[in-house]
Every structure is written in structure tokens, then in C-alpha cells.
Amino acid sequence: MEGSITSLDSILEMYQEERFFLIAICSTLLSIAAFLAFALPWTWVAYKNPESLKKYRVQGRDIPVKRWFAPSLQRFAINSLVSFLGVLVAWPVLRRSGIHAGELPAWYVMVGQIAFFIVLDDLLYYWMHRAMHTRWLYKHVHSVHHRITTPYALTGNYMHAFEFMMTSTLVLVGPSLVGAHVVTLWAWIVFRQLEAADGHSGYDVPWNPALLIPFYKGPAYHDFHHRRFFGNYAGFFAYLDKVFGGTWSKGYEEYRRAQQQRPEPQPQPEP
Ligand SMILES: [Zn+2]
Ligand SMILES: [Zn+2]
């Protein structure tokens, strides 16, 4: 009896650690705030659909902002909660990962680590996403995200809770591997939510600040995945579809070529 009380005490102590507050609670809240901060301005643009920006729309279809606004917020809230509960359950394991709140590393170490996380996460996401397109997983999990055929930023986290948890788990792989500082983890989470929001914005504007990120080609890449249902499986960088057997979405390469030749892009006509 005394032994079980002692072990219960030691479990409760794990949840009173400062690291639990910083890694589990603060990271979840930051993730929610970052996604909304990146997604809401582009969602507002999609809602207003200004004439001056119509030429930058990736798709010529109407943007169903009202149809998916409340469902997207609802899914994101539920998914964030489920993901937090997952972290809660996994905390006894996660706390041993090496993610720490000790001395801050040099800025170039943080930048290097985040670059590594971006590339690693994208690679892992590519294969997870291809797996999600196998028959069973697509039918029971990933088809939820593909209800959105004309994405806008807030729909970026409209997905099945299981997919959101898997995606969140991949985000933690890099930081766990290198034993990152919690501030590096936070910066990476903010960046990952930029990826989620920007990739679904629906506007391929040449002045998009996200295009400053090396090798990022803009939201048209993932937009084609939603429109065609197949191909363009990576989360962020298009090169993986070339490396792993030419899994481009139909029409994407032509879109890119046409865009390079034409300074003023036009929305794609519907097939
Ligand atoms: Zn997909
Ligand atoms: Zn998507």
C-alpha cells in the first residue's frame, strides 16, 4: 500500500515539474496562438476576395470561406485538446526525451537545429502522407482533410484527430532526437504552424513573406494536392516528390512552368 502511494506521488511529481508546464502547456497554447495568427489574416483575405488579388488565386473556384469557417475552428479546438491529452498521457516518456529548459544555446545552434527539424519533419510527413493515401487510412482518417478541395488558411488544421496527433508527434521527433531547448521547440512550433497556414492560403502572391524561406515554392504546391487528391505529398518542400518517383500532382509542373514564363499569374481554369 505504501509502495503504491509512493509511486502515485512520483507520477504526480512528474506533472508538477516546470518542464511539464513549459513543454506541454505552453507549447500547446503557443501552437494554437501561432496558427490563428498566421491563418486569420489570409482567411480574411479569402473572405473579402479582393479584385486586385484574384489573379493570384491558385484555383479559379469560389472560396467556400463561410462553409468551412466554424467547422475549421471547431476541429482545430478539438484536435488541440486531443493532442494535449496525448501529451499528458505520454509525458512520462516525453520528459525523458532530452528537451530541456536549461541554458539557452547559441543562436546559430538554434537556427541549425530548426533547419534540421524542418527538413526531417518534411521527409517524415511525406511518407506519413503517402501512407494516409492508402485505402483504409484514406477512408477512415485522411478523407476528412480532403473534404476541403479549395483550401484557405484556416482549413489547414481541418483534419481527423488521429491525423493531427500523428502530425504533432512527427513535429516532436527532431527536438527529441537532438535534445532541443524548449525555446527552440517553441520557435519550431511557430514555424510549423506557418507552414500549415501558408500552405493552405490559396493565394500565390509574389510578395508572400514566406517565400523568403529557402526552397519554399508557395501555397500552390499543396493547393494542387487538395484539388487533385493525389500527388504533392510533402508538407512544405516540393523536391521530395521528385526524389521519390515523381509524385507530382497532375498539372502542377505545367502551372509552375507557366508561372515562370508569365510575370502575372492567372487562376487555373477548371477542368
Ligand atoms: Zn492528402
Ligand atoms: Zn492540406
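A residue counts as buried when its relative accessible area is under 20%, and as exposed when that area is over 50%. Keep those two cut-offs handy as we walk through this structure, which is a predicted model.

Let's try them out on phenylalanine 215. Its relative accessible area is 70%, so this residue is exposed. You'll find phenylalanine 215 in the loop between α7 and α8, the helix that covers residues 220-228. There's something else to spot here: phenylalanine 215 has a positive phi, about 70°, even though it isn't a glycine.

Now hop along to asparagine 232. Here too phi is positive, at about 50°, and again the residue is not a glycine. This asparagine sits in the loop between α8 and α9, with α9 running over 239-243. Is asparagine 232 buried or exposed? With a relative accessible area of 0%, asparagine 232 is buried.

Next, the metal. Which residues hold the zinc ion (ligand 1)? Its protein donors are His129, His133, His142, His146 and His225, each through its NE2 atom, at 2.0 to 2.2 Å from the ion. If you trace these donor residues along the sequence, their spacing reads H-x3-H-x8-H-x3-H-x78-H. Take two of them as a pair: histidine 133 is in the loop between α4 (107-132) and α5 (135-140), while histidine 146 is in the loop between α5 and α6. The two are 13 residues apart, and the pair links distant parts of the chain. What about their surroundings? Histidine 133 has a relative accessible area of 14%, so it falls under the 20% cut-off and is buried. Histidine 146 is buried as well, because its relative accessible area is 4%.

Finally, have a look at two helices, α6 (residues 161-178) and α7 (residues 182-198). Their axes come within 11 Å and cross at roughly 140°. That angle makes α6 oblique to α7, because an angle has to be over 145 degrees to count as roughly antiparallel. As for handedness, α6 passes α7 in a right-handed crossing. Which residues make the contact? From α6 come Thr167, Val171, Leu172 and Pro175, and from α7 come Leu185, Trp188, Ile189 and Arg192. Sort the residues of this contact by character and you get 6 nonpolar, 1 polar and 1 charged.

Note on methods
Residues numbered from 1 in each chain as written. Chains lettered and ligands numbered in written order. Predicted model: local features only at pLDDT ≥ 70, side-chain atom pairs only at ≥ 80, totals over all residues. Heavy atoms only, no water. Axes fitted to C-alpha atoms, helices over the stretch in contact; angles between N-to-C directions. Helix = DSSP H or I, 4+ residues; strand = E, 2+ residues; numbered from the N terminus. Parallel < 35°, antiparallel > 145°, perpendicular 65-115°, else oblique. Left-handed = near helix turned anticlockwise from the far one by under 90°. Contact = heavy atoms within 4.5 Å. Nonpolar A, V, L, I, M, F, W, Y, C, P; charged D, E, K, R; others polar. Donors = N, O, S within 2.8 Å, 3.2 Å for Na, K, Ca; no water. Buried < 20%, exposed > 50% of the residue type's maximum accessible area, 1.4 Å probe, protein only.
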